[in-house]
Amino acid sequence: MTEDLKTASRRQVLAGAAGIGLAAATLSATGAHAQEQAGGAFAGKTAFITGGARGIGLACAEELAKGGANVVLYDIAAQPAEIPYPMATEEDLANAKATVESHGVKCLAIKGDVRDFDALQAAVAQTQSEFGSLDFLIVNAGITQPGRLGGFDEEQVRTITDINLIGSINTMQAAMPMMQEQGSGRIILMASTTGRAGSDNFPLYGATKWAMIGLAKSAALTVAPLNITVNAVCPTLVRTKLLDNEYVLNALAPGQGVTFEQFDALANQQIHPMDVGFYEPVEVGRTVAFLCGDGAQFISGEVVDIGAAANARFPA
Ligand SMILES: NC(=O)c1ccc[n+]([C@@H]2O[C@H](COP(=O)([O-])OP(=O)(O)OC[C@H]3O[C@@H](n4cnc5c(N)ncnc54)[C@H](O)[C@@H]3O)[C@@H](O)[C@H]2O)c1
């Protein structure tokens, strides 16, 4: 990056990144998988993951599958006209299923929109008939929407609210009765560090993430007597297609041709006190697996930030 571009883009990109966040390869040998699965902490359990065809959702699926959990991936796997950057494809969903199965577990891939409550209910019913339980609910499907308040049209407002917030509510409403009936479970909502501080460049996205934290805390109270835990996880900047796409990069630094690599370097230099820019989705997957494990039995109603020390700047 030239010095000029660095200075000019830093201000804008950082404003975006600050909005995003002031806030591994998964090595595996087939033999190791068989071992992990046979004695895995999650053997016999089932995970239901929305937005599981790629990115963070798929990383969560892999970490739970490594522990022996069977997985249901529920993903839109299509490109609605109202979403301005690429969603996962049917091929991504099929590949994700194969990746999960490579860990020696079963995987059901279901194409569906979290805005469609009936489809979610049908997917939960299918989960019950295939696997008999729904132990881990990862409420992960979401989209981003850069821009400034005052500049969004009604469709943009509705799209992000319907997917990120109403979609999360739909997912919980569809899955919670099954968990409540079985009297156990772990629910994790994929919020964001934009849900922990104001965000000038992602105000709608941030608002949906603040709301998801509220939803997690309320649900934690509702299901606490059943020993079901509910937590929100807040990543900062993760290497996925949510931010690594032309639409978002151009919205953050209009006309400047800022690349994802430049954004990554700025994240490392300016946002994360730890020596990392965009970190890998597996880092979020590991946190989710911890929250699903025995070590997190009494952790509920919490917000778990994965901020590479950026959140040390926040009030407690
Ligand atoms: N990438 C980051 O830096 C970051 C940071 C904090 C939080 N998050 C959150 O993590 C979650 C996953 O994001 P990601 O980074 O993996 O992005 P991603 O775009 O790679 O993955 C999102 C997945 O959700 C699916 N999806 C989108 N709309 C859907 C709908 N209506 N119904 C069903 N599926 C739908 C997409 O097809 C895609 O597979 C999101 O909720 C996001 O807000 C991401």
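**An exposed glutamate and an enclosed ligand**

Let me begin with Glu261, which counts as exposed because its relative accessibility is 56%, and the cut-off for that word is anything over 50%. I should say at once that we are looking at a predicted model, and that every value I mention is computed from it. Glu261 belongs to helix α9, which covers residues 260-271, and if you look for Asp244, which is 17 residues away along the chain, you will find its C-alpha atom 9.1 Å from that of Glu261.

Now I would like to turn to the ligand. Where does the ligand sit? It is found in the largest cavity, and the elements that contribute two or more residues to the shell around it are α3, residues 55-66, and α7, residues 203-223. In total, 29 residues surround the ligand, and the closest of them are Asp75, Asn140, Tyr205, Val238 and Thr240. If we sort this shell by class, we count 16 nonpolar residues, eight polar ones and five charged ones.

For those of you who think in terms of individual contacts, there are three to the backbone that I would point out. A nitrogen atom of the ligand lies 2.9 Å from a backbone N or O atom of Val114, a ligand nitrogen is also 3.1 Å from a polar backbone atom of Ile76, and an oxygen atom of the ligand is 3.5 Å from a polar backbone atom of Thr236. How much of the ligand's accessible area does the protein cover? On its own the ligand has 820 Å² of accessible area, and the protein covers 100% of it.

Key:
Residues numbered from 1 in each chain as written. Predicted model: local features only at pLDDT ≥ 70, side-chain atom pairs only at ≥ 80, totals over all residues. Heavy atoms only, no water. Near = heavy atom within 4 Å. Polar contact = N/O pair within 3.5 Å; in protein donor to acceptor, adjacent residues only side chain to side chain. Areas by Shrake-Rupley, 256 points an atom, 1.4 Å probe, with all protein chains shown as cover. 1 Å grid on protein atoms, 1.4 Å probe; cavity = no way out; pocket = protein on both sides within 12 Å on 5 of 7 lines; lining within 4 Å. Sits in = over half its atoms within 2 Å of the grid points. Helix = DSSP H or I, 4+ residues; strand = E, 2+ residues; numbered from the N terminus. Nonpolar A, V, L, I, M, F, W, Y, C, P; charged D, E, K, R; others polar. Buried < 20%, exposed > 50% of the residue type's maximum accessible area, 1.4 Å probe, protein only.
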